[in-house]
Amino acid sequence: MAAAELVAAELVDFLNASPTAFHAVDEAKRRLKKVGFEQVSERDDWNLELGKKYFFTRNHSTIVAFAIGKRYVAGNGFHIIGAHTDSPCLKLKPTSKVAKGGYLEVGVQTYGGGLWHTWFDRDLTVAGRLIVKEMKDGSVSYTHKLIRIQEPIMRIPTLAIHLDRGVTDGFKVNTQSHLVPVLATSVKAELQKLGVQNGPIDAKFKTDGVESHDKKSIDDRKHHSVFLQLIADNACCKPDEICDFELQLCDTQPSIIGGVLKEFIFSGRLDNLCMSFCSLKALIDSTSSESSLDEEIGVRMVALFDHEEVGSNSAQGAGSPVMLDALSRITNSFNSSNTKLVDKAIQQSFLVSADMAHAIHPNYMDKHEDNHQPKLHGGLVIKHNANQRYATNAITSFIFREIAEKHDLPIQDFVVRNDMPCGSTIGPILASGVGIRTVDVGAPQLSMHSIREMCAVDDAKHSYEHFKAFLNEFTLLDSRIKVDF
C-alpha cells in the first residue's frame, strides 16, 4: 500500500471511531497513550520532565498534547498546530419528547452552520455522553460515559413531491418544524413495552431493590421511555441511573475511500477531524524515536478545541484561556520565579491554525476568485484575508511555504471573492487572545458542512507530512528570520 493510502486508511479509522467531539478526544487519548504520552490533570500540580510527552483534556471534548525538548529551558518557544474536534450536527434538546400524528419524534437543535437539507432521508443514530449515577459500597458517584448506538434508529423523511410541487424551485428547510427525526410509531412503541413500565421516574425509583427518592435521574416525561431504555442498554445501566446526557444525531454510513481511482475520502466531519488527525499523527510520529527530542529546544504541541463551529466562546473553546493556561503551566514548571518568561515564550512561538479549506467546485466555478482556486491533490491551502478573518501574514505564510519547498510538498493559496463574506477559524481568536504568530491553513475539500463531505487521499498525506516537517524544523528556521530588531 502506498504512503498516501496508508495515511488515508488510518484517517478513515479515526473518523469511524469519532462520531462526536467526545469520541474524537477519546480516540486521540487512546493513540497518545499507546505511544507513551502521559495524561496530566489541570486539577493537579504538574511535575514535568525534559524529553517527556504529556497531554490533558478539558470537558473531554478538547485535548492538548505536547512533547518537551531535552534542551528546552523556560522561556523558549512552542510550535503548535491547532484544530477543532466539533462539526455541525443536530443535538438533542433538553426535552426531546415529541409525539404527533401517531409518531414518536425526537426534538433536536441545530449546532453550527450545517447544510441541513443533507440530513433528510439518511439512516441516523445517536452518540455522545451520559452522566450516570453509580452506587458502590453504599455511596453514590456520578460518572461520565460515552455511548454510541451503532444501528440506525431514526430518520428525517422528506415530503413527497406530490404533496409539495414547489420543492423543485428550491428545498427550504424550516429547522424547527421540518428537522424533527422520526423514532417510532406510537402504536408499535406501546405494544413493544420497551420503555419504563411504571410511569414517570421523577417520583421514586428502585436501585438494586432499594427504594430511592433521588430526583437526579433523567425524567421520562422529557424523553421517550423507549429511547431512554435503548441508551441505557448501550451504557450497561438502568434508565433511572441516567442523570443527564449530551447526545447528537450521527449518520450510520461509515467513512470510506472511494472514487473510480480510489482517490477520495467520503465521510462526515472531515471539517475538521481530518486536520485533527493529521496534526495528531504528525506529533506522534515526530516524537516516536528515543532521539526525537534530543536537540529540541522548544515544545511541540497539538491543541484540538471544541466549539469552533459556534464561535469558540466556551470553557473548552479556543476563546477560553486553555491555550494560555497550557503555555503558562509548562513554562512555570521549569521556572516559576520569573513571571515574564511566559511573555517571552509567546513571542518565540508559532501557531498553525489548521482548518479545512474550500476546493474549487467544478459545477460552481464562479464561487472562487479567479487567481485563487485550490484543487484537490494540490496540498495544504494557505488562507489569506486582509480583514483578518484569517491570521496569516507575509512572515507566517513564508515560514509555512519555506517548509513546503524544502520537502517538495505542494502548497496553494486561497482568498475569498470581494463580493462574498469570509469565514473564519480559531486562528484570529488565538492570535489576538494569546499574541502568537499564526498562519491559517487547511486541506481542500468539497461539500463542507454537509452530512457527507469529500477530500482527496493525497491531501491527507500532504497535510501530515507538512505538519510533521513543521514540528521537526520550525526552531531552526525561526532562528534565521529577523523582523522586530
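Student: Which residue in S15 is the bridge partner of His79?

Tutor: In this predicted model, the bridge partner of His79 in S15 is Arg300. That bridge belongs to a wider pairing, in which strand S4 and strand S15 (residues 299-305) run parallel and are joined by 7 bridges.

Student: How do you know that S4 and S15 pair?

Tutor: Two strands count as paired if there are at least two bridges between them, and S4 has 7 bridges to S15, so the condition is met. The condition is also met with strand S16 (residues 350-354), because 4 bridges join S16 to S4, again with the strands parallel. Within S16, Leu351 is the bridge partner of Ile80.

Student: What makes S4 a mostly covered strand?

Tutor: A residue is called buried when its relative accessible area is under 20%, and in S4 (residues 78-84) 7 of the 7 residues are buried, so the strand is described as mostly covered. Phe78, Ile80, Gly82 and His84 point one way, while His79, Ile81 and Ala83 point the other way, and all of these are buried. In a regular strand the side chains alternate between the two faces of the sheet.

Student: Why are S1 and S19 called edge strands?

Tutor: They belong to an open sheet of 9 strands with mixed pairing, in the order S1-S2-S3-S15-S4-S16-S20-S18-S19. Strand S1 (38-39) and strand S19 (411-415) each pair on one side only, and these are the edge strands. Elsewhere in this sheet, strand S18 (residues 380-384) and strand S20 (residues 437-442) run antiparallel and are joined by 2 bridges, with Gly442 in S20 as the bridge partner of Val381.

Student: What makes helix H6 a helix that packs on the sheet?

Tutor: Helix H6 (residues 322-334) touches strand S2 (53-58), strand S3 (62-68), S4 and S15, and its direction makes about 155° with that of S15. Helix H8 (residues 394-406) also packs on the sheet, touching S16, S18, S19 and S20, at about 55° to the direction of S20.

Student: Which strands form the open sheet of 5 strands, and in what order?

Tutor: The order is S13-S14-S22-S21-S17, and the pairing is mixed. Its edge strands are strand S13 (256-258) and strand S17 (357-358), each pairing on one side only.

Student: How do you know that S17 and S21 pair?

Tutor: S17 and strand S21 (residues 444-446) run parallel and are joined by 2 bridges, and since at least two bridges are needed, they count as paired. His358 has Gln445 as its bridge partner in S21. Helix H5 lies across S14, S21 and strand S22 (453-456), running at about 35° to S22.

Student: Which residues touch the most other members of the largest nonpolar core?

Tutor: Of the 54 residues in this core, they are Ile265, Met275, Val352, Val441 and Phe467. Helix H5 (residues 270-286) supplies the largest share of the core, 10 residues. Not counting residues up to four places away in sequence, the contacts of Met275 include Ala83, Ala354, Leu380, Gly442 and Phe467.

Student: Which residues lie nearest the centre of the largest pocket?

Tutor: The pocket is lined by 31 residues, and His358, Met420, Ser447, Met448 and His449 lie nearest its centre. S17 and S21 are the elements that give two or more residues to the lining, and the space in the pocket is about 980 Å³.

Definitions and conventions: Residues numbered from 1 in each chain as written. Predicted model: local features only at pLDDT ≥ 70, side-chain atom pairs only at ≥ 80, totals over all residues. Heavy atoms only, no water. Buried < 20%, exposed > 50% of the residue type's maximum accessible area, 1.4 Å probe, protein only. Core = buried A, V, L, I, M, F, W, Y, C linked by side-chain atoms within 4.5 Å. Contact = heavy atoms within 4.5 Å. Axes fitted to C-alpha atoms, helices over the stretch in contact; angles between N-to-C directions. 1 Å grid on protein atoms, 1.4 Å probe; cavity = no way out; pocket = protein on both sides within 12 Å on 5 of 7 lines; lining within 4 Å. Points joined across faces, edges and corners; volume = space filled by probe spheres on them.
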